[in-house]
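The following paragraphs lead through a single protein chain, moving from one loop residue to the packing of helices and back to selected loops. Please keep the structure in view while reading.

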Amino acid sequence: MIPIVCSMDDCLDRERFFQSFASLEPSVLFAECSRDPAVFSRFMLGVSLYSWQFKVTRALVSGERRIVLNTSRQIGKSLLSAIVGLWFAVFNKGCSSEFLNSKVGIISATDDQSKKVMDDIRNLIRLGDVYCRKSYSKVKGDLFDRGVFSFLIDDSRSAENSKSAITFKSWVKEFGLLLKGSIVGSFIKCYPPTQSIRGNTFDLLFIDEAAQIDDEVYDVAIEKTGEKYDALRIIASTPYGLSGFFYELFDPDDKLLNNPWKRFAFTVDAIRFDTPLEYERRLRDIALDYGRGKHLKVRQENYCEFVQSETSFLDRKSTRLNSSHVSESRM
């Protein structure tokens, strides 16, 4: 599968899209936020998604339920999971079980990474509180003035709130569209990939750095957490070798007929126009890695290639490709 190119035109199209919401009354705007995680991110958190992230949210809005992302490292996978997870929970997009709440599970490759995602979510909550207070509070003490997202968190003793979990309140009329319909509060939980995940059931399952997760843990524990409620599933990773469940689901050689997963591939070039200074820094690091002979690392971690061994870098075609990436950065 050829990686998707994000151009300057994509950035401009995204901005034109957001401009169409800028003049809406808050009640109408919030209804749009409830339907679209990109609109939610821009107008309730104050965060503009990168072009590649925006493309993924178009798939979500169009109704895709199985999405697999093959991406360069450090272009915002974890942030995307935090934004989508928060959107899904606070607008109660799952609304399943007799409790009519949304259950969000985010699985990361290590315990530290899972806690970092939860830190990202808590930072987004703080950011959203400030943004909404400045943008939408009309009188002192209203919902937005109190810090809308923080106020939604259930601070009772029985609620699970920790370094790896956030539980929200059940819906009351004052919340409007937020948490609407939930009898028991929605929650977000972040986990490392261990057997302890077994027994959970999720409405949204986001798996980050999936290529680093053991196949048995995925098959026996993780995959089953999404079965009961037919969870929306997003599986993201940089590639690692020519085997494993991530390799099979992404199917880079298009061997599967009627693959049920919506597939995206985004190299480091996906951030070229969104954050040009970061992109230039990344290309300098890539050039250094090439100079040290770290071809495998570069192709896997930056250019989304499933490769088996270092010897595969010696072919002429790869040499031309690698040279073109570095040369382009100096234009």
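Ile271 is a suitable point of entry: the residue sits in the loop between β7 and α10 (276–291). The model discussed here is predicted. With a relative accessible area of 1%, Ile271 is buried, since the cut-off for that class is under 20%. Once neighbours within four places in sequence are set aside, the contacts of Ile271 are Tyr50, Trp52, Ile75, Pro276, Glu278 and Tyr279. A further residue from a remote part of the sequence can be related to this loop by distance: Gln53 is 218 residues from Ile271 along the chain, yet their C-alpha atoms are 9.9 Å apart.

How far can the model be relied upon, by the predictor's own account? The mean pLDDT of the chain is 92, and 93% of the residues reach 70 or more. Over residues 311–331, however, the pLDDT is below 50, and this stretch has 24 contacts in the model beyond near neighbours in sequence.

The description now turns to the helices. Helix α3, residues 37–45, is mostly covered, with nine of its nine residues buried. These are Pro37, Ala38, Val39, Phe40, Ser41, Arg42, Phe43, Met44 and Leu45. The list includes Arg42 and Ser41, which the classification used here counts as charged and polar respectively. The buried residues of α3 pack against α1 (8–19), α2 (26–35), α4 (51–61), α5, α6 and α7 (148–152).

Two packed helices are described by the angle between their axes and the distance between the axes. For α1 and α3, the axes come within 11 Å and cross at roughly 75°. The two helices are therefore roughly perpendicular to each other, because an angle from 65 to 115 degrees falls in that class. On the α1 side the contact is formed by Glu15, Phe17 and Phe18, which meet Ala38, Val39, Arg42 and Phe43 in α3. By class, this contact of α1 with α3 has five nonpolar, no polar and two charged residues.

Helix α1 also packs against α4. Here the axes come within 10 Å and cross at roughly 60°, and α1 and α4 are therefore oblique to each other. The crossing in which α1 passes α4 is left-handed. Asp10, Cys11, Arg14, Phe17 and Phe18 in α1 meet Ser51, Phe54, Lys55 and Arg58 in α4. The residues of this contact of α1 with α4 divide into four nonpolar, one polar and four charged. Phe17 and Phe18 of α1 thus appear in the contact with α4 and also in the contact with α3.

A further helix pair is α5 (residues 77–90) and α6 (residues 111–136), whose axes come within 9 Å and cross at roughly 55°. That angle makes α5 oblique to α6. The crossing of α5 past α6 is right-handed, whereas α1 passes α4 in a left-handed one. From α5, the residues Ser78, Leu79, Ser81, Ala82, Ile83 and Leu86 meet Val117, Asp120, Ile121, Leu124 and Ile125 in α6. Eight nonpolar, two polar and one charged residue make up this contact of α5 with α6.

Within α5, Leu79 takes part in the contact with α6 and is partly exposed, with a relative accessible area of 31%. The C-alpha atoms of Leu79 and Ala89, 10 residues apart along the chain, are separated by 15 Å.

Loop residues complete the account. Ser62 lies in the loop between α4 and β1 (66–71). Is Ser62 buried or exposed? At 57% relative accessibility, Ser62 counts as exposed, because the threshold for that class is over 50%. Ser62 and Asp36 are 26 residues apart in sequence and 9.8 Å apart in space, C-alpha to C-alpha.

Two other loop residues have a notable backbone angle. Glu209, in the loop between β5 (204–207) and α8 (215–222), has a positive phi of about 50° although it is not a glycine. At 13% relative accessibility, Glu209 counts as buried. Asp251 lies in the loop between α9 (245–250) and β7 (262–266); its phi is near 50°, again a positive value in a residue other than glycine. Asp251 counts as buried as well, at 6% relative accessibility.

How values were computed:
Residues numbered from 1 in each chain as written. Predicted model: local features only at pLDDT ≥ 70, side-chain atom pairs only at ≥ 80, totals over all residues. Heavy atoms only, no water. Axes fitted to C-alpha atoms, helices over the stretch in contact; angles between N-to-C directions. Helix = DSSP H or I, 4+ residues; strand = E, 2+ residues; numbered from the N terminus. Parallel < 35°, antiparallel > 145°, perpendicular 65-115°, else oblique. Left-handed = near helix turned anticlockwise from the far one by under 90°. Contact = heavy atoms within 4.5 Å. pLDDT = per-residue confidence, 0-100. Buried < 20%, exposed > 50% of the residue type's maximum accessible area, 1.4 Å probe, protein only.
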